[in-house]
Every structure is written in structure tokens, then in C-alpha cells.
Amino acid sequence: MTAADLTGRPVAARRVVVTGAGGGIGAALARRFAADGASVLVSDLDGDAAAAVASEIGGRAVPADAANEDDTRRLIETAWAELGGVDLFCSNAGVLTAGDENTPDAAWTRDFSVNVMSHVYVTRHLLPRWLDQGSPKRLLVTVSAAGLLSILGSASYAVTKHGALAYAEWLRATYAHRGLIVQALCPQGVRTDMLTRGGERGSASAAMLADGALEPGEVAEVAAKAIEGESFLILPHPEVADYYKLRASDTDRWLGGMNKIQRAFEAGGAR
């Protein structure tokens, strides 16, 4: 039986940590779970942004760099000290750098650290406290549809989000029988600063995704409902499932379609 708060809504997690929660999807997740009665630790590299969200929802702000292992360890230690444990960890921090094969090495390293290694650090310090503890624990990894498909205009984002999905899959396959429920949140376009900046820089993907973009709160609502179950993929944009099937079943056609979008974008920009 799923516990419920005074509003009658189901509560899958009472103690929640959200990284990258100073804005965008992370802030929306923090708000959504707090509204359901959860105690929430709001973590972000931007301490002031984290504090603002925490103040709004009655949570606790913990400034931390998700790409720094020591910061992640301290965040988890704080969660045990303040909350007595964690039922749901939302490993949400992410970064997007526009660019191609000429993206500087430093940017590739940063993007890999944030988009992949942050999840590794979380599990490195969380799983010893979680595995084989009786009650299931949940790890929600914000991946993006770019991890299932790809994204035009950012080679490093496409590559590192594929890596994030691969790591989430590996965790689910390896530890499901030991009480770990891993779920991958894979939205397509979301109206956040990340999408806005992509549009300003001139990105084929940003232009393509803008029309169907969801608000962060809509994504958080889908995620909150999904953690009542155990489905691995959480797709706020249902059409992503069809794209994913096409990519697997007719890869050449799918890649041709993506290149067509790129060519149309380049032709439009040339006018």
C-alpha cells in the first residue's frame, strides 16, 4: 500500500534529495515532492538559487557541485543527519554546451563530469547505505531524450547523455534484486534556461523542440506519478517512445531524418 498525505495524494517518498534544484526541472521536482508532504533537500551549485527554492517549499538548501565527489559525499551525509535517510534521490544536475567536434577539451571534461560522473558519485556514496536494507529505495536520473535519441548542435551533450542512460541501465540491471529502483527521466524540450540559451545560440535542436516544449512543472508531475510504479523510462513527451523504436528498427532512416532537420536549419540560417 502506498502512503498518502492529508490531500489524499500518494506519497512514494518522504525524504527526498534533488540536485540541480536551483531552477528548471530540479526546482519543479523539489516543489512537487514538497507539495506531497516530503522533506526535501535542495542542492545546487548556485547556493542562492538553492536557498530561494528551499525557502519557498520549507526545505533545506545544501550548496554543492554535483561534479565534485567530496561535495556529493557531504550532501549525502547531510541528508542522513537532517532527514535520517533518503527514500528518493533525484540526480538531476546537468549542463549543455553548444558545439561540435571542435568543442574545447575543457568543456568536454566538464560536461562529462556533470552529466555522467555526478551519477557515479551519487551511487558510490549512496548505495552502501541503501542496498539490502529491506525497503526499496529510488534513484531518479534526469537523462533527457537526447540520451535515447541524440541532439543536434551539441556533440558533448549527445555523447554524455547517452552515457548517463547507459549508467542508469547498468544500475537497474545490476542492483534491482537488492532493493534499488532506478528510473530515467527523459524529457524532450522543456522551457528552461538551457533551451532558451540553445535558441539564442542558434541550434537546430532548440528550434525544433521549442514548439512542443513542456513547462518544468509538467515534467515534474509526470515524474511524480511515475515513481508510484517502477517503469525504467519516464517519457513526459510520449512521442519519444516512437522515435526510439524507429531509431532502433530503422537506424538509417532515422539518421537521415535527423540530417534533413540539420540541413533545413542550415539553409534557413543562410537566408
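**Buried cysteines, a helix pair and selected loop residues**

Cys90 is buried, with a relative accessible area of 0% (buried means under 20% relative accessible area, exposed over 50% and partly exposed in between, for a 1.4 Å probe and protein chains only). Cys186 is likewise buried, its relative accessible area being 0%. The model is predicted, so local features need pLDDT of at least 70 and side-chain atom pairs count only at pLDDT 80 or more, while totals for chains, interfaces and linings use all residues. Residues are numbered from 1 along each chain as its sequence is written, and side-chain values use heavy atoms, with hydrogens and water left out.

A disulfide is a covalent bond between the sulfur atoms of two cysteines. The structure holds zero disulfides, a disulfide being a pair of cysteine sulfur atoms within 2.5 Å.

Helices H1 (residues 24-35) and H2 (residues 47-57) pack at an angle of about 20 degrees, and their axes are 10 Å apart. This makes H1 roughly parallel to H2 (angles under 35 degrees count as roughly parallel, over 145 as roughly antiparallel, 65 to 115 as roughly perpendicular and the rest as oblique). Axes are lines fitted to C-alpha atoms, for helices over the stretch in contact, and angles run from 0 to 180 degrees between N-to-C directions. Helices (H or I, at least four residues) and strands (E, at least two) are DSSP runs numbered from the N terminus. On the H1 side, the contact is made by Ala27, Ala30, Arg31 and Ala34, and on the H2 side by Val53, Glu56 and Ile57; contact means heavy atoms within 4.5 Å. By class, five nonpolar, no polar and two charged residues make up the contact of H1 with H2 (Ala, Val, Leu, Ile, Met, Phe, Trp, Tyr, Cys and Pro count as nonpolar, Asp, Glu, Lys and Arg as charged, and the others, Gly among them, as polar).

Asp87 is located in the loop between helix H3 (69-83) and strand E4. Asp87 is buried, at a relative accessible area of 17%. Residues up to four places away in sequence aside, Asp87 touches Ala13, Arg14, Arg15, Trp130, Lys137 and Arg138. Of these, Arg14 is placed in the segment before strand E1 (15-18) and is partly exposed, with a relative accessible area of 36%. Arg14 and Asp36 are 22 residues apart in sequence, and their C-alpha atoms are 8.6 Å apart.

Gly94 lies in the loop that joins strand E4 (88-91) and helix H4 (105-130). Gly94 is partly exposed, with a relative accessible area of 36%. A separation of 5.7 Å is found between the C-alpha atoms of Gly94 and Val114, which are 20 residues apart along the chain.
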